Amino acid sequence: MNDKTIKYWMGQAVRNRELLCALLGSLRAEDLESGLLCLSEDVLNRQLAPVLLSAASPFLHQFQISFANNMIFIDARGSAKQAGPFHAMLMFSVESLQFEPGSHLLRARYREDVRSLGNPAQALMLKMFAGNRGFLSQLFSAFSRKLPGITADGSVLSANLDLLPVASSLPFQHLKLRYLACDDGYLKLQFAFV
């Protein structure tokens, strides 16, 4: 790393100090020393949810993530213009995570249950939007410019994280992650710097 890069990351750390303090406060030194990263659903819900809600405004109003039985559960509420308010429950099972220099790919199986909270006409519009492929599939197709590299086909979600700006940043170019498990309220990853 050169002087300019170090100064840039110092500025990012100061700009995001609340998130960093919350994240660091939830980690155990023993885990980090053994290369284990345990991310708490509580910290993600308090710190990540507001960022996601802000980015997805005005479509998403509520977002909660939980980790149990090697699954990632997402409970969200929002509003889809003419289709009205909805409640979405999503369940993900990570099949593979390839996060290493030169390749940042995620593949997960999922199930979705998206229900209208509006009137019967809005429920029909939401059902028509989802079609045979499902709500997530249609959503990622509709927002492909804002979410490049993320696709869903009704049962499998694939994400090429190289197409997202954060994956190309210097620290992530030297980080290797391996998915271990999701249980007891934690997402567990093995990490190494290469």
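Residues with under 20% relative accessible area are called buried, those over 50% exposed, and those in between partly exposed. In this predicted model, Asn-16 has a relative accessibility of 35%, so the residue counts as partly exposed. Asn-16 sits in the loop that links α1 (3–15) to α2 (17–26). A polar atom of the Asn-16 side chain lies 3.0 Å from the backbone oxygen of Gln-12.

Ser-40 offers a second case of a side chain in contact with the backbone. Ser-40 belongs to strand β1, which covers residues 36–40. With a relative accessibility of 10%, Ser-40 counts as buried because its value is under 20%. From the side chain of Ser-40, a polar atom lies 3.1 Å from the backbone nitrogen of Asp-42.

The strands that follow can be taken pair by pair, beginning with β2 and β3. Strand β2 (residues 60–68) and strand β3 (residues 71–79) run antiparallel and are joined by eight bridges. Across this pairing, Ile-65 faces Ile-74 of β3. The hairpin made by β2 and β3 has two residues between its strands, and Asn-69 adopts a positive phi near 55° there.

On to the next pairing, β3 also runs antiparallel to strand β4 (residues 85–100), again with eight bridges. Here Arg-77 has His-87 in β4 as its bridge partner. Five residues lie between β3 and β4 in their hairpin, and in this turn Lys-81 shows a positive phi of about 40°.

Strand β4 is in turn joined to β5 by 14 bridges, and these two strands are likewise antiparallel. Leu-97 is matched with Leu-106, its bridge partner in β5. The hairpin of β4 and β5 has two residues between the strands, and Gly-102 takes a positive phi near 90° in that hairpin.

Strand β5 also contributes to a pocket. Both β5 (103–116) and α5 (120–130) supply at least two residues each to the lining of the second largest pocket. The volume of this pocket is about 160 Å³. Its lining comprises 13 residues, and those nearest the pocket centre are Val-114, Arg-115, Leu-126, Lys-127 and Ala-130. By character, the lining residues of the second largest pocket split into five nonpolar, four polar and four charged.

Finally, the cysteines deserve a look. How many disulfides does a search of the whole structure find? The search returns zero. For Cys-21, the closest cysteine sulfur is that of Cys-38, at 20 Å, which is too far for a bond; a disulfide would need the two sulfur atoms within 2.5 Å. Cys-38 is likewise in no disulfide, and the cysteine sulfur nearest to that of Cys-38 belongs to Cys-182, 11 Å away. The two residues also sit in opposite surroundings as regards accessibility: Cys-21 is exposed, at 55% relative accessibility, whereas Cys-38 is buried, with a relative accessible area of 10%.

Key: Residues numbered from 1 in each chain as written. Predicted model: local features only at pLDDT ≥ 70, side-chain atom pairs only at ≥ 80, totals over all residues. Heavy atoms only, no water. 1 Å grid on protein atoms, 1.4 Å probe; cavity = no way out; pocket = protein on both sides within 12 Å on 5 of 7 lines; lining within 4 Å. Points joined across faces, edges and corners; volume = space filled by probe spheres on them. Helix = DSSP H or I, 4+ residues; strand = E, 2+ residues; numbered from the N terminus. Nonpolar A, V, L, I, M, F, W, Y, C, P; charged D, E, K, R; others polar. Buried < 20%, exposed > 50% of the residue type's maximum accessible area, 1.4 Å probe, protein only. Pairing = 2+ DSSP bridges. Polar contact = N/O pair within 3.5 Å; in protein donor to acceptor, adjacent residues only side chain to side chain.
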